[in-house]
Amino acid sequence: MAVLKLHPDRLLPADPTTRDIARRLYQTVKDLPIISPHGHTDPQWFADNEAFPDPAQLLIVPDHYVFRMLYSQGVDLASLGIATHDGAPYETDPRKIWKTFADNYYLFRGTPSRMWLDWVFSQVFGIDVTLTPETADHYYEVMDASLKTDAFRPRALFERFNIEVIATTEGPLDDLRHHKKIRESGWGGRVVTAYRPDPVMDPEHIGFAENLERFGQLAGEDITTFAGYLKAHQNRRAFFREAGATSTDHGHVRATTANLPPAEAAALYDKIRSGDFSAHEADLFRGQMLTEMARMSLDDGMVLQLHPGVYRSHNQHVLGRFGRDKGADIPLATEYVHALKPLLDAYGNDPRLTFIVFTLDETVYSRELAPLAGHYPALKLGPPWWFHNSPEGMRRFRDQMTETGGYYNTVGFNDDTRAFFSIPARHDVARRMDCGHLARLVAEHRLDEDEAAEVAYDLSYKLAKQAYKL
């Protein structure tokens with residue numbers, strides 16, 4: 001059986017001189033607390049602190065990074081325990097699900113998922129052999145036994161992973177009861193929420209009309225008028241801030257922003273509410289609301305995040321059979337210079353606003369985003385996310401963004417994940433890649449090593465904490 005052993009120099013530069021510098025830099029940041037300012041872990045885990053059910057439910061069923069790769073090779077999602085929406089049977093035996101995964105683990109060679117999973121197997125569960133069909137039962141038994149112990153409950157792992165603060169993401173209709181339970185429990189772990197109003201801000205969101213009515217009821221506002229609708233957002237934002245929220249998050253198709261005159265904005269809202277609107281009008285409304293969110297952020301101090309450029313649920317067959325968020329979301333080319341101008345004209349010069357923009361389109365790094373962030377005081381660049389949350393994605397980001405935008409117009413790293421156990425692995429990858437990048441600058445006499453150590457600390461810890469007001 002192949003030995004599973006994580007090399008201490010993994011991801012560090014191959015050149016001996018540069019690697020030595022990177023090693024020294026990495027030693028200064030490897031044990032820093034984790035700031036996880038944006039992600040999708042379930043707050044109920046930390047509220048109830050119950051044991052995770054089994055290895056399959058923990059690592060396979062909820063993780064589209066994992067099952068999308070298997071699906072691409074012809075593995076039926078139903079055989080991986082993904083519940084069907086059409087009434088068809090699906091696998092519920094966790095051992096069978098795990099066996100299917102183990103039989104196909106070779107498919108992850110060279111991928112970030114392989115790095116994260118091997119880190120979890122080795123560092124969290126102490127397994128020292130590689131996952132293969134022959135070792136699948138050993139893996140399952142070790143992990144299943146561990147998950148039944150108190151040391152593997154969510155709060156214990158939160159502390160073991162050295163997480164200082166983690167932000168979950170909830171919709172505007174959420175009652176945030178799990179966050180309330182965490183606050184009242186007396187536990188010292190810091191878990192905050194983030195306001196994701198897409199279900200009531202995106203006219204093309206499934207169930208938008210029904211969501212809007214419920215939104216008005218929860219906020220206690222008359223959402224038949226645009227003024228009442230805006231007040232409803234202000235009320236819900238205040239409710240989320242009581243649960244620790246310091247940011248809002250918006251997952252729009254495009255990076256469109258708009259700043260319409262009040263009468264035109266109200267008329268557009270009336271049309272959206274009627275249900276008789278075009279795709280262009282839906283995009284314009286989302287853009288107008290981003291600018292409204294920026295205005296509200298100046299009043300309440302919440303950070304504004306934009307995650308654009310995704311064709312959601314591209315696979316209609318999978319959408320119909322299994323629902324949303326099943327690994328079929330595909331990146332789109334995204335334009336930022338013209339799209340962001342209305343919002344930046346209105347508020348981009350105000351340093352009180354923190355507007356964090358992400359991208360899945362790497363072609364705009366040096367051409368659009370770095371020059372924009374390198375100029376506007378309000379604009380900051382989010383780290384590589386999703387498909388680019390990877391060693392090569394991180395390398396390209398630093399190489400292309402730093403020349404024009406610098407380090408301090410970025411916000412460090414966030415993991416943006418539902419996979420709780422992978423959070424330390426993801427942050428470790430980011431710290432190693434940043435130290436390798438900085439070591440090259442030191443080796444080329446472009447940066448003193450003392451300065452590089454300061455930057456490594458800032459990228460690993462300070463910038464995220466500062467940008468997200470945590």
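Here are three short exercises on salt bridges in this predicted model.

**Exercise 1.** Find out which parts of the chain the salt bridge between Asp9 and Arg23 ties together, and how buried or exposed each partner is.

*Solution.* Start with the contact: the Asp9 and Arg23 side chains come together in a salt bridge, at 2.6 Å from N to O. Next, place the partners. Asp9 sits in the segment before helix H1 (16-29) while Arg23 is in helix H1, so the bridge links parts 14 residues apart in sequence. Now check accessibility, where buried means under 20%. Asp9 has 16%, so call Asp9 buried. Arg23, at 32%, is partly exposed.

**Exercise 2.** Decide whether Arg352 and Asp350 are each buried or exposed.

*Solution.* First, the pairing: Asp350 and Arg352 form a salt bridge through their side chains, with 2.7 Å from N to O. Then take the partners one by one. Exposed needs over 50%, and Arg352 shows 54% relative accessibility, so Arg352 is exposed. Asp350, with 18%, counts as buried.

**Exercise 3.** Work out where Arg432 and Asp428 lie, then look for a salt-bridge network elsewhere.

*Solution.* Arg432 and Asp428 make a salt bridge, their closest N and O atoms 2.8 Å apart. Both belong to helix H19 (residues 423-443), and the spacing of 4 residues is about one turn of the helix. As for accessibility, Arg432 is buried at 4%, and Asp428 is buried too, at 10%. For the network, follow shared partners: Asp202, Glu204, Arg254, Asp283 and Arg286 are joined into one by their salt bridges. To finish, the count for the whole structure is 38 salt bridges.

How values were computed. Residues are numbered from 1 along each chain as its sequence is written. This is a predicted model: local features need pLDDT of at least 70, side-chain atom pairs count only at pLDDT 80 or more; totals for chains, interfaces and linings use all residues. Side-chain values use heavy atoms; hydrogens and water are left out. A salt bridge is a side-chain nitrogen of Lys or Arg within 4 Å of a carboxyl oxygen of Asp or Glu. Helices (H or I, at least four residues) and strands (E, at least two) are DSSP runs, numbered from the N terminus. Buried means under 20% relative accessible area, exposed over 50%, partly exposed in between (1.4 Å probe, protein chains only).
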